[in-house]
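I opened the file to look up how the chains are built and where they meet. My notes follow in the order in which I checked things.

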Amino acid sequence: MNIKALLKSLFLRKFTTGLLILQLAITLGLLVNSVILALDTGDKLAQDTGIDAENTLIISLQPTSGDYRDLDYFRSIVSQDLEALAQLPDVESVSLVNQLPITRRGMLGNVYDLDDPDIINRDKYLQDVKIFLTNEELSNTLAFSLLEGRFLTKDDQPEFGTNQNGNVLITESLKKALYGDKSAIGQETNNGRIVGVVKDIMLNPTIPADKQYGVFGNRVMEWIFTGRNYLVKVRPGQVNKVRNQVRDTILSVQAERDIYRVRTMADHLKRFYRHDKGLAQLFLMLCGLMLFVTAISSYAYSQFHISRQKKYIGIRRALGASKKDILLYVLTENWLVYSIGCLLGLAMAISFNILLSQYISLSKPDMMLFSLVSIVLFVAGTVATWIPAQKTSNIPPVIATRTV
Amino acid sequence: MRNNSLLSYNILLAMQSFKRAKSLYFLIILTLSIGVGVLCANLALVNSMASDPIPEKSANLLHVSMNTWPDVQPPDEPMHILRYRDAMKIAESDIPLRTAVFYASGVYARDIESTSMKRFDSRVRATTPGFFGLADAPFAFGTAFDKSRGMEIVIGHELNQKIFAGKNSVGKTLELDGELLTIVGVLKPWIVRPLFYHPTEGRAFDLTDDIFAPLETAIDLGWSIHARSSSSDNYAGVNETRDLNVYYLQAWVELDDIAKKSALQSYLDNYSQQLKDAGGHPLAIKNRLHNVNEWLIEAKVVDQKVLAFTLASILFLSVCIFNASSLLLSRFHAAKFEVGLRRAIGASNKHMMMQGLTESVLLGVFTGVIAVILSWFFLKISVQFLPRLANIAVLEPKLLVLGMFLALITAIASALYPLYRANRYTISAELK
C-alpha cells in the first residue's frame with residue numbers, strides 16, 4: 001500500500017477530508033471528557049461513606065402547630081415518637097439528630113483545644129466543623145466504631161439551661177488535627193470535654209477525606225426544635241417494610257407534623273450527587289448524538305468519494321487490482337483519516353478538558369481511556385464505511401472503458 | 001414582478017431538489033436541527049440565569065455587606081448577613097429612598113375559618129415594609145403593611161390560590177404556628193428570575209415567598225431562620241437575637257440617585273469606625289455595596305454545569321455544520337449535470353448562486369421550525385437531569401427567534417463552500 005499516494009488522493013479532497021478529521025477530533029475530545037465525567041460521578045457514588053447506607057432510614061419532619069412552641073410538650077412528643085419507632089418490628093435503633101451527614105453545610109462551628117485556640121488559623125477546616133446535636137443512640141444508629149474512650153451515654157446530657165457544653169464524641173480526623181497521635185480522652189475543647197473518638201464517616205463529601213471533622217454532643221433534647229431528623233437503623237433487607245410504617249407511626253403519636261422526607265441514607269447520597277450525575281448523563285446524551293452525526297459523515301464521505309472516483313477505480317480494476325485490493329484501499333484510506341483525526345482528537349481532548357475544568361471539576365484524561373475511546377471510534381467508522389467500500393469494490397473494470 | 005416570479009421559481013426549484021434527494025436533505029435538516037435545538041435549550045437556561053430580574057432599577061438597588069464580626073477570628077471577608085443593630089442602623093439612614101431589612105423563615109399556615117386542620121408549608125419573608133416598593137411587588141388586592149410591627153401579613157398569589165382559591169382574602173385571618181395574623185394584601189403572580197433579593201444559599205431559582213410578615217413581629221414570635229446565619233453567641237430563639245452577635249438579616253437599599261452611593265458608603269464606614277472606636281470592631285473596615293447584577297455575579301448564580309454543557313453544545317453544533325456541509329457538497333456534486341445544463345442554456349453564475357442561496361435559506365427555515373420544537377424537548381430533558389433548574393426552564397419568545405436565526409445562519413454557513421465549488425464547475429466538462 002502506497003501511503004504517499006493515499007495522502008495525495010486525500011489531499012485532492014482536502015475540504016471534505018479536513019471537515020471529517022475536524023469532526024472526528026471534536027467527537028473524540030467530547031467523548032473522552034464525557035466518559036471522564038461519568039466515571040468521576042461513578043467514583044463519587046461508590047465512595048465509602050462509613051455508614052450502612054442501605055439500611056439507615058432518614059425521616060425529616062417539622063411540627064405544624066403552635067403547641068410545639070412549648071418545648072416541654074415538644075420534648076414529650078418526640079420521646080414518644082422515638083419510643084414508637086423503636087418498637088416497630090425490624091428496627092434496630094432510632095436516634096434524633098439536628099443535621100445529616102453527607103451534606104455541604106449545616107450547623108458548623110469552630111473547634112479548638114482550650115489550650116490552643118490559635119490552631120484554627122493554621123487549619124481552616126477547624127473553622128467549619130460540623131456540630132451535631134444528638135442523643136446517646138446515634139452511635140448505634142450510625143454504627144460508629146469506637147477508636148478510644150467511650151460512646152455518649154444518657155448521663156452526658158447536660159442539664160437544660162446551664163449553658164455548659166458537656167461531654168462530646170469526635171471523629172478520628174478531628175482528633176488527629178487537634179492532638180496528632182496522642183490520646184484525646186479527657187481533653188477540653190471549646191465544644192466540651194472529649195470522652196470518645198470514633199472512626200470517620202462521610203460528613204461533607206466536598207472536602208478531603210481526612211478533613212471530615214465532626215463533634216457529637218448529647219444535647220438535642222435541650223435544643224429540641226433543632227432535632228428535625230430521626231435516623232432509623234433497620235435490620236438488613238427490611239428497609240421498605242419499615243419505610244411504609246414510619247409515617248403512620250409518627251402521625252399516630254401526634255398528627256400535627258409535616259413529614260417532608262423519608263428516604264434511605266443511600267438515596268440521600270445519590271441526591272447529593274444528583275446534579276453531577278445529571279450533567280454526566282447530559283454529556284453522554286450529547287456523545288450519542290455526536291457519534292450518530294459522525295457516522296453519517298463517515299458514510300457520506302466514502303459515498304461521495306466513490307461517485308467521484310468511479311473512473312479511477314475502474315481503471316485500477318482493469319489494470320488487475322482485485323476486489324479485495326479495492327476494499328482494502330478504501331478502508332485504509334478511511335483508517336488513515338481516522339488516525340489523523342484521533343491524533344488531533346488527543347489535542348482536542350486535552351484542551352477541552354482544560355476548558356471544562358474552568359467551570360466544573362473533572363479528572364485529567366489518561367492514555368488508557370483515550371486509546372479505548374479511539375478504538376470505539378475506529379470500529380464505528382469502519383462499520384460506517386463498510387457498505388460504501390463494498391460497493392466500491394464492486395465497480396466493474398469495464399467502467400474504465402466507458403469513462404475515458 | 002420579475003423578481004417576485006424569479007423568487008417563486010427559485011423556491012420551486014429548491015423544492016424539486018429537496019424532493020429528488022429526500023433522505024439526504026432529511027439527514028441535513030435532522031443533524032442541523034438537533035445541533036441548533038441542543039444549543040438553544042442551553043441558551044434558554046443561561047438566559048434565565050443571567051438575566052436582569054428588575055432591569056428598570058437594578059443599578060439603583062444595592063445590597064449591603066459588612067464585616068462587623070466581633071472576634072478577630074474569621075470570617076474576615078464582608079458578610080452578606082448582618083446583625084440586628086447593624087441592619088437597623090442602615091434602616092434608619094435617610095440617604096436611601098427605601099430600605100428593606102429581612103430574613104427568610106417558614107411557617108405552616110391555615111385559614112382559621114377552615115374546618116380542615118390541614119396547614120400549608122409556607123415560605124416566609126420577615127421584612128421591613130420598604131421591601132414591597134423596593135422589589136416592585138405587584139398587589140392584586142389590598143396593600144402592604146406599613147410598620148415593622150403588627151399582626152398583619154401580605155400573602156403571595158400561590159398561597160392565596162391554595163387556601164382561598166384565588167379570591168380576595170384581604171381581612172381574613174391565618175393561623176401561623178399558633179398565632180393569628182390578618183391578611184392586608186395579596187400579591188399578583190410574581191416571577192423574579194433569578195430571585196435577586198435572596199440569591200445566596202442556593203435560592204436563586206426559588207419562587208417568590210408565600211408570606212411576607214413584619215420583621216419585628218417575626219422576631220418577637222421567634223420564627224426560625226431558614227437561611228444562613230452565623231453567631232458568636234449562644235441563643236435559644238430568634239426573639240433573643242436583637243442585642244446579640246447573631247448575623248442573619250439581609251439589607252437592601254434603593255437610591256433615587258446612584259450618585260448617593262458614596263454618601264451611603266461613608267455613612268456605613270462612619271458607623272463601623274464608631275464601633276471600632278468603641279472597641280467593638282476588631283477587623284479592618286470592609287463595607288461593600290453591590291447592585292443587583294453585581295450581587296447576582298457575586299452569588300455565582302449562573303450554574304457552572306450549564307455553562308460547561310453550553311460549551312459542549314457549541315462544539316456539537318459545529319460538528320453538525322461540518323456534517324451538513326459535506327452532505328451538501330456531495331449533493332451538489334451529484335447535481336452538477338443539471339447545473340451544467342442550466343448554465344448552458346443561459347442561467348448566469350449569479351443566478352445559480354441566488355438559486356443555491358434560496359435553497360439553503362429554505363433549508364434553514366425547515367431546520368428552524370424543527371429546531372424550535374427540539375429545543376423545547378431538550379429543555380425538558382435537561383430539567384429531567386438537572387431538576388434544580390426546573391423553575392428557570394422557560395423558552396422565551398426571544399429564544400425562539402434566536403433559534404430560527406441560528407438555524408438560518410448554520411444552514412447558509414454549511415452551504416457556502418459547496419455553493420462556491422458548484423459554481424466553479426465548467427459548463428463543457430459537465431455536459432461532456
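I began with the domains of chain B, in what is a predicted model. The domain assignment lists domain 1 (2-52 + 303-431) and domain 2 (67-286). I noted that domain 1 of chain B is written as two stretches of sequence, 2-52 and 303-431.

Next I looked up the spacing of these domains. The centres of domain 1 and domain 2 of chain B, taken over C-alpha atoms, are 50 Å apart. I then checked where they touch: 7 residues of domain 1 of chain B are in contact with 4 residues of domain 2 of chain B. On the domain 1 side, I recorded 3 nonpolar, 3 polar and 1 charged residues.

I moved on to chain A, for which I recorded 12 helices and 11 strands. Its radius of gyration is 33 Å, well over the 22 Å that the globule rule gives for 404 residues, so chain A is more spread out than a compact globule. The box filled by its C-alpha atoms is roughly 105 × 50 × 35 Å along the principal axes. Buried residues account for 40% of the 404 residues in chain A. Of the contacts in chain A between residues at least 6 apart in sequence, 83% join residues at least 24 apart.

Last, I looked at where the two chains meet. How many residues does each chain bring to the contact? I found 42 residues from chain A and 41 residues from chain B. In chain A, α2 (14-46), α9 (274-318) and α10 (323-356) each supply at least two residues of the side that touches chain B. α9(A) gives the most to that side, with 19 residues. I sorted the chain A side by class and wrote down 22 nonpolar, 15 polar and 5 charged residues.

Conventions:
Residues numbered from 1 in each chain as written. Chains lettered and ligands numbered in written order. Predicted model: local features only at pLDDT ≥ 70, side-chain atom pairs only at ≥ 80, totals over all residues. Helix = DSSP H or I, 4+ residues; strand = E, 2+ residues; numbered from the N terminus. Rg over C-alpha atoms; globule rule 2.2 N^0.38 Å. Buried ≥ 20, exposed ≤ 12 C-beta atoms within 10 Å, placed from the backbone. Contact = placed C-beta atoms within 7 Å. Nonpolar A, V, L, I, M, F, W, Y, C, P; charged D, E, K, R; others polar. Domains from an automatic or database assignment.
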